[in-house]
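Reader: I've got this one open in my viewer and I'd like to talk it through. Mind if I fire off some questions?

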Amino acid sequence: MIIEHKIVIADVKLVADFQRYILYWRKRFTEQPVTDFCSVIRINSTAPFEEQDNYFLLCDVLPEDRVLREELQKQRLKEILEQQQQERNDNNFHGICMFCNEEFLGNRSVLLNHMAREHAFNIGLPDNIVNCNEFLCILQKKLDNLQCLYCEKTFRDKNTLKDHMRKKQHRRINPKNREYDRFYVINYLELGKSWEEVQLEDDRELLDHQEDDWSDWEEHPVSAVCLFCEKQAETIEKLCVHMEDAHEFDLLKIKSELGLNFYQQVKLVNFIRRQIHQCKCYGCHEKFKSKADLRTHMEETKHTSLLPEREIWDQPQYYFPTYENDTLLCTLSDSESDLTAQEQNGNIAIISEDTSKLHALKQNSILNQLLPHECLKN
């Protein structure tokens with residue numbers, strides 16, 4: 001169009017549906033002269049008249065062009081939202097994890113949540129993504145080509161790539177790669193604005209309205225995940241009902257019978273999470289090839305409710321979560337009765353030793369007495 005017809009379309013990348021845009025203006029140019037719609041740009045204006053060229057600029061300064069672009073954008077957004085809704089409700093999704101090759105059937109959120117929880121690979125909330133299958137295929141192709149998803153460097157083999165992504169914390173996509181923009185609904189919301197521009201506007205609004213009334217704030221519920229399967233629930237009550245019905249594991253009853261305070265609940269949850277992650281039954285210590293096999297075994301043998309002795313799981317190492325951002329830990333009960341339970345169990349607050357004088361600490365530390373005592377005990 002530029003070479004043959006000297007017509008320049010401004011911001012062509014921002015036209016949501018280029019084919020319909022061209023067809024519209026093709027029809028209009030047959031009805032009226034091009035100069036009625038386009039700005040005329042004369043080049044070589046100092047040259048003789050016969051050597052001068054006129055180019056025609058079609059842009060959204062023209063109200064008709066602006067309206068057309070906005071209508072095409074609205075139509076594209078409608079189509080994208082319909083596609084997103086279809087994917088959200090689709091329970092026939094089939095996908096394979098890019099990191100452990102585990103197969104998933106059902107809803108796409110199961111696979112995305114698995115990769116976020118098990119492999120710390122988060123491409124965003126499932127509800128914010130559209131054309132998920134195509135997105136995952138592109139990412140898988142990059143990994144198959146031994147390319148890091150974040151820095152996009154290529155490596156000689158799969159193990160080197162895996163170590164690089166783990167050590168450099170590159171288990172995420174490159175936010176500057178515009179190839180991914182079309183898979184996020186936010187990029188379709190406003191004409192000519194990317195997700196970065198929308199975010200900057202949101203940040204400026206927050207700064208401008210810091211003293212506004214927050215009474216209408218609505219907190220979006222965050223789902224907690226079952227200890228034994230991929231089931232999610234917005235409250236611990238619903239999740240406990242599910243675990244009791246589906247797995248015969250009554251967390252509230254265990255808490256009551258064992259008199260667990262908040263921190264002991266945290267350690268118990270983290271202990272179970274770790275055992276399930278390692279595909280190991282905590283009731284009989286048998287190890288399995290997959291979580292599905294482990295779940296079948298535990299349900300058939302009723303080992304979900306067969307907890308080991310308290311000293312096995314009530315260990316300081318289980319203060320640390322198995323999964324990053326484990327929402328279940330945030331929903332555990334933290335009542336005033338926990339303090340009473342702690343006092344009844346005889347727990348003593350631990351006060352750290354003064355580390356300002358390291359030499360004196362080495363000489364007088366109680367740890368010097370602990371090692372010989374343990375050796376004699378053993």
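Reader: Which residue just after α4 takes a positive phi, and of about how many degrees?

Author: Keep in mind that this is a predicted model. Helix α4 covers residues 108-119, and the residue to look at sits just after α4. That is alanine 120, with a positive phi of about 55 degrees.

Reader: And what caps the N-terminal end of α4?

Author: Look for a side-chain oxygen that lies 3.0 Å from the backbone nitrogen of serine 109. The residue that supplies this oxygen, and so caps the N-terminal end of α4, counts as a polar contact partner because the pair is within 3.5 Å. The cap is asparagine 107.

Reader: How many of the twelve residues of α4 are buried?

Author: Buried here means under 20% relative accessible area. Among those in α4 that pass are Leu111, Leu112 and Met115, and also charged-type names on your list such as Arg108 and Glu118. The helix is mostly covered, and the count is ten.

Reader: What about α10: how far does it reach from its first C-alpha to its last?

Author: α10 has 16 residues. At 1.5 Å a residue, the expected figure is 22 Å, and the model comes close to that. The reach is 22 Å.

Reader: Why is α10 said to be largely enclosed by the rest of the structure?

Author: Go by burial, residue by residue, over the 16 residues of α10. The helix is largely enclosed because the buried ones number 13.

Reader: Which residue caps the N-terminal end of α10, and which one follows the helix with a positive phi?

Author: At the N-terminal end, a side-chain oxygen of asparagine 261 lies 3.1 Å from the backbone nitrogen of tyrosine 263. After the helix comes a residue with a positive phi near 55 degrees. So the cap is asparagine 261 and the follower is cysteine 279.

Reader: Which helix gives the most to the largest nonpolar core?

Author: That core has 31 residues, and Leu227, Met243 and Ile272 are among those with the most contacts inside it. Helices α8, α9, α10, α11 and α13 each supply at least two residues. With seven residues, the top contributor is α10.

Reader: How many residues does the second, separate core have?

Author: Its members include Cys132, Ile138, Leu143 and Phe183. The count for this core is 25 residues.

Conventions: Residues numbered from 1 in each chain as written. Predicted model: local features only at pLDDT ≥ 70, side-chain atom pairs only at ≥ 80, totals over all residues. Heavy atoms only, no water. Core = buried A, V, L, I, M, F, W, Y, C linked by side-chain atoms within 4.5 Å. Buried < 20%, exposed > 50% of the residue type's maximum accessible area, 1.4 Å probe, protein only. Helix = DSSP H or I, 4+ residues; strand = E, 2+ residues; numbered from the N terminus. Expected span 1.5 Å × (residues − 1). Polar contact = N/O pair within 3.5 Å; in protein donor to acceptor, adjacent residues only side chain to side chain.
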